[in-house]
Each structure stands twice: as C-alpha cells, then as structure tokens.
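Me: Please take a close look at one part of this model, the aromatic ring pairs, and add what is needed to judge it. I am a first-year student, so give the cut-offs for the terms.

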Amino acid sequence: MAVESELLVLAATAASIGFVHTLLGPDHYLPFIVLGRARAWSRTRIAAVTTLCGLGHVAGSVALGAVGIGIGLAVGQMELIESVRGELAAWALMGFGLAYAAWGWRRSQTGRAHSHAHVHADGTAHAHGHDHRGGHVHVHDSPRSVNLTPWVLFTVFVLGPCEPLIPLLMVPASAHSWAGVAFVAGVFGLATIATMLAVVFAGLAGLSVVSFAAVERHAHTLAGTAVAACGAAMVFLGL
C-alpha cells in the first residue's frame, strides 16, 4: 500500500510538472500555431502533428532515462546528456525557423506585380502587368506532395529533452519497479501532450478572430521568424 501511495503521489507530481513545464515552454506550442496557420492545415492535421511531436519529445527522455537507470548512470550524468540534447534542439529549432523564413520570403516575392513587354508581328509593342498570386497566397499541402515540415518538427522534438522527467520522476519511480517507471512517465506524457494540444488550439482560436489580410503574402516568413525567435529564446535566454 505504501508503494502504491508513493506512486500515486509521483503520478500527481508528474501531471502537474508536465502541465507547468509545457505551459512555460513556448517551443511546445508556438511552432504548431504559426505553421499550422501559415500552411492552412486542418484541425485534424494540426492535432496529429502536435501529438506526434509530443510523443517524440517525451519518448526521447523516457528512452534515455530507461537506459541510464538500467546501466546505473548517476542523475547528474543523465542531466548532462539532457542539457546537450536541449542545446542541440534549440539550435535546430532556430535554424529551421530561419530556413523556413527565408523560403517564405523568397516565395512571397513571386507574388509581386511586374510587367512583360510583347512585340507583335506588325511591329507594335505593348506591356502588361500581372502577378502570380492567383486566388491564394498561402500553401495548401497537396496529398501528393512530400511535406517535410512535420518531420523536421518531429526530429527537433525528439532531440528536445523533458528536463524534469529524469531527476524528479523516473529515478524515484525506479526504486519501485519498471511498471512504476512506465506509469509515471505515461502520466507525464499524457499531461504534456494534452497541454500542448489545449494551448495550440487556444492560440489558433485567438488568431482566427484577427485579420491578417494585409500581411497574408508574408505568412510563411512571419511563421518562420516566430519559430526562429522561439529557438533563439531557448538558446540565449534558456527558456
């Protein structure tokens, strides 16, 4: 009974820490909000990508913790590895955001009005102006296209550590059983992913009431800049 009570306390702690850890880390939800909006993803797709990345995020730390506990690594050693992973993830997120912003800026320039000159057989000439924007200025991902954005995000999130999971949850749980480790880690994962989804959809709901018509052509540039800023905050401010 004492062991079960301790696991329940750890599970409750895991849920609260998962919630706070996710809420305080904008990298857990901002990329899905801005990229989902810019790429006009459906709510189902946004939920699927967010959940996939959340699973990868938690699974990376669970795997490291399980291996570390199995081979007897000290908590400090595992925390050092997590710190290195965190730096890699932050730089990767910033790099991805900058690359996406550059791609978005280049794409936005194809929508600028320009003119073409035409010379006819009779010697007359004229020019006309047009652009290439058509009816839409944002990308709708085609079912046949290879969209790498979700997989890049997934890779970044697998690299990103869940810092509180190992020292605060997995190591104490390991004193009981591997089933206890799985239970506590599962509660932490559910709380993390549920919080990610809740904040993502709250953010999308907020954006839906704001008109971006004036800057719609630069939606991808702005989204990439926001993601890069999020990564930079992790690198330089330790968020």
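Reply: What follows starts with how far to trust the model, then turns to the ring pairs and ends with the largest pocket. This is a predicted model, in which local features need pLDDT of at least 70 and side-chain atom pairs count only at pLDDT 80 or more, while totals for chains, interfaces and linings use all residues. Residues are numbered from 1 along each chain as its sequence is written, and side-chain values use heavy atoms, with hydrogens and water left out.

The chain has a mean pLDDT of 81 (the predictor's confidence in each residue, from 0 to 100), and 82% of its residues reach 70 or more. Over residues 129–138 the pLDDT is below 50, yet this stretch has 23 contacts (heavy atoms within 4.5 Å) beyond near neighbours in sequence. Residues 142–146 also stay under 50, with zero contacts beyond four places in sequence. Where pLDDT is low, the predicted coordinates should not be read in detail.

Now the rings. The structure holds five aromatic pairs. Rings of Phe, Tyr and Trp (its six-membered ring) pair if their centres lie within 6.5 Å; planes under 30 degrees apart count as stacked, over 60 as edge-to-face and the rest as tilted. One of the pairs is Trp-91 with Phe-236: the centres are 6.0 Å apart and the planes stand at 75°, so this pair is edge-to-face. Trp-91 belongs to helix α4 and Phe-236 to helix α8, so the pair ties together parts 145 residues apart in sequence. Helices here are DSSP runs (H or I, at least four residues), numbered from the N terminus. Trp-91 is partly exposed, at 49% relative accessible area, whereas Phe-236, at 59%, is exposed. Buried means under 20%, exposed over 50% and partly exposed in between (1.4 Å probe, protein chains only).

Another pair is Tyr-100 with Trp-103, whose ring centres are 5.3 Å apart with planes at 55°, so it is tilted. Both residues lie in helix α4, three residues apart, about one turn of the helix. Tyr-100 is buried at 6% relative accessibility, while Trp-103 is partly exposed at 37%. Ring pairs also join Phe-96 to these two in a cluster.

Helix α4 (75–109) matters for the pocket lining too: with eight residues, α4 gives the most to the lining of the largest pocket. Helices α5 (149–159) and α8 (219–237) each supply at least two residues.
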